[in-house]
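Got the viewer open and a selection box ready? Here is a walk through the model, one stop at a time.

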Amino acid sequence: MLVNIALGKNSGQIDASSPVFKTDASGTYKYIKPNTAAAKAIYKVYGHNSYDPKDYNNKINSEKLGRVRVTMEGKNSWTLHSKKLTLKFHKTSDGHWATSDGTIWFVSKRDRKLK
């Protein structure tokens with residue numbers, strides 16, 4: 001699923017939209033069913049224990065994370081903490097940020113207030 005985590009001053013919000021697809025040799029679309037630690041943590045925010053396409057298929061789900069704290073652990077790793085979600089990020093050799101399960105995250109700064 002496509003995920004966006006927006007951080008404001010002491011608060012955060014996570015938005016999950018439709019699941020990511022892949023195609024097989026016949027061109028038939030199939031859901032990618034990730035079973036990674038990061039995916040499980042995100043599913044838990046939405047009250048699910050596992051991936052179910054019908055939960056994410058038609059709408060963007062937005063959840064408030066509440067008070068969010070970011071802890072820097074050197075210049076190559078940091079952790080996002082909230083009551084609902086904790087993710088630890090490290091810098092990859094190509095300069096991207098990833099969670100321990102290998103999920104790549106594109107971190108950017110936005111000048112937009114959370115709703």
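**First stop: a pair of charges**

Select Glu63 to begin: with a relative accessibility of 25%, Glu63 counts as partly exposed. Bear in mind as you click around that this is a predicted model. Now add Lys84 to the selection. Glu63 and Lys84 join their side chains in a salt bridge, 3.3 Å from N to O. The two ends come from distant parts of the chain, 21 residues apart: Glu63 belongs to strand β5 (residues 61-66), while Lys84 sits in the loop between β7 and β8. Lys84 has a relative accessible area of 40%, so Lys84 too goes down as partly exposed. As a general point, side chains of opposite charge can pair when their charged atoms come close.

How many salt bridges are there by this rule? The count is two. For the other one, select Glu73 and Lys88, whose side chains meet at 3.1 Å, N to O. Glu73 is in the loop between β6 (69-72) and β7, and Lys88 is in strand β8, so this salt bridge ties together parts 15 residues apart in sequence. Glu73 is partly exposed, because its relative accessible area is 32%.

**Zoom out for a moment**

Switch to cartoon and colour by secondary structure. The protein chain has two helices and ten strands. Reading from the N terminus, the order is β-β-β-β-α-α-β-β-β-β-β-β. If you turn on a surface, about 8,000 Å² of the protein chain is accessible, and carbon and sulfur atoms account for 51% of that. Of the chain's 115 residues, 30% count as buried. For those who like contact maps: take the contacts between residues at least 6 apart in sequence, and 39% of them join residues at least 24 apart.

**Into the core**

Next, hide the surface and select Ile14, Leu85, Leu87 and Phe89. Within the largest nonpolar core, which has 16 residues, these four touch the most other members. The elements that contribute two or more residues to this core are β2 (11-16), α1 (37-45), β7 (77-81) and β8 (86-91). Which of them gives the largest share? That would be α1, with four residues.

Stay with Leu85 and show what surrounds it. Beyond its neighbours within four places in sequence, which residues is Leu85 in contact with? The list runs Ile5, Ile14, Ala41, Ile42, Val45, Leu65 and Leu80.

**A polar side chain under cover**

Move to Gln13, which you'll find in strand β2. Is Gln13 buried or exposed? Its relative accessibility is 10%, so Gln13 counts as buried. Add Lys64 to the view: the side chains of Gln13 and Lys64 share a polar contact of 3.3 Å.

Now for Ser77, in strand β7. Ser77 is buried too, because its relative accessible area is 13% and the cut-off is under 20%. Draw a distance from the Ser77 side chain to the backbone oxygen of Glu73 and you should get 2.7 Å. That brings you back to Glu73, the residue whose side chain meets Lys88 in a salt bridge. Leaving out residues up to four places away in sequence, Ser77 touches Met72, Phe89, His90 and Trp97.

**Last stop: the rings**

Show the aromatic side chains as sticks. How many aromatic pairs does the structure hold? There are three. Start with Trp78 and Phe89, a stacked pair with 4.2 Å centre to centre and 15° between the planes. Trp78 is in strand β7 and Phe89 in strand β8, so the pair ties together parts eleven residues apart in sequence. Both Trp78 and Phe89 are buried.

Keep Trp78 selected and add Trp97. Trp78 and Trp97 make an edge-to-face pair, 6.0 Å centre to centre with 75° between the planes. Trp97 lies in strand β9 (residues 97-99) and Trp78 in strand β7, so the parts tied together here are 19 residues apart in sequence. In numbers, Trp78 has 11% relative accessibility and so counts as buried. Trp97 is buried as well, with a relative accessible area of 15%.

To finish, add Trp105 and Phe89 to the selection: ring pairs link Trp78, Phe89, Trp97 and Trp105 into a cluster. One of these rings, Phe89, is also among the four core residues you picked earlier.

Note on methods: Residues numbered from 1 in each chain as written. Predicted model: local features only at pLDDT ≥ 70, side-chain atom pairs only at ≥ 80, totals over all residues. Heavy atoms only, no water. Core = buried A, V, L, I, M, F, W, Y, C linked by side-chain atoms within 4.5 Å. Buried < 20%, exposed > 50% of the residue type's maximum accessible area, 1.4 Å probe, protein only. Contact = heavy atoms within 4.5 Å. Polar contact = N/O pair within 3.5 Å; in protein donor to acceptor, adjacent residues only side chain to side chain. Salt bridge = Lys/Arg side-chain N within 4 Å of Asp/Glu carboxyl O. Areas by Shrake-Rupley, 256 points an atom, 1.4 Å probe, with all protein chains shown as cover. Phe/Tyr/Trp six-rings, centres within 6.5 Å; stacked < 30°, edge-to-face > 60°.
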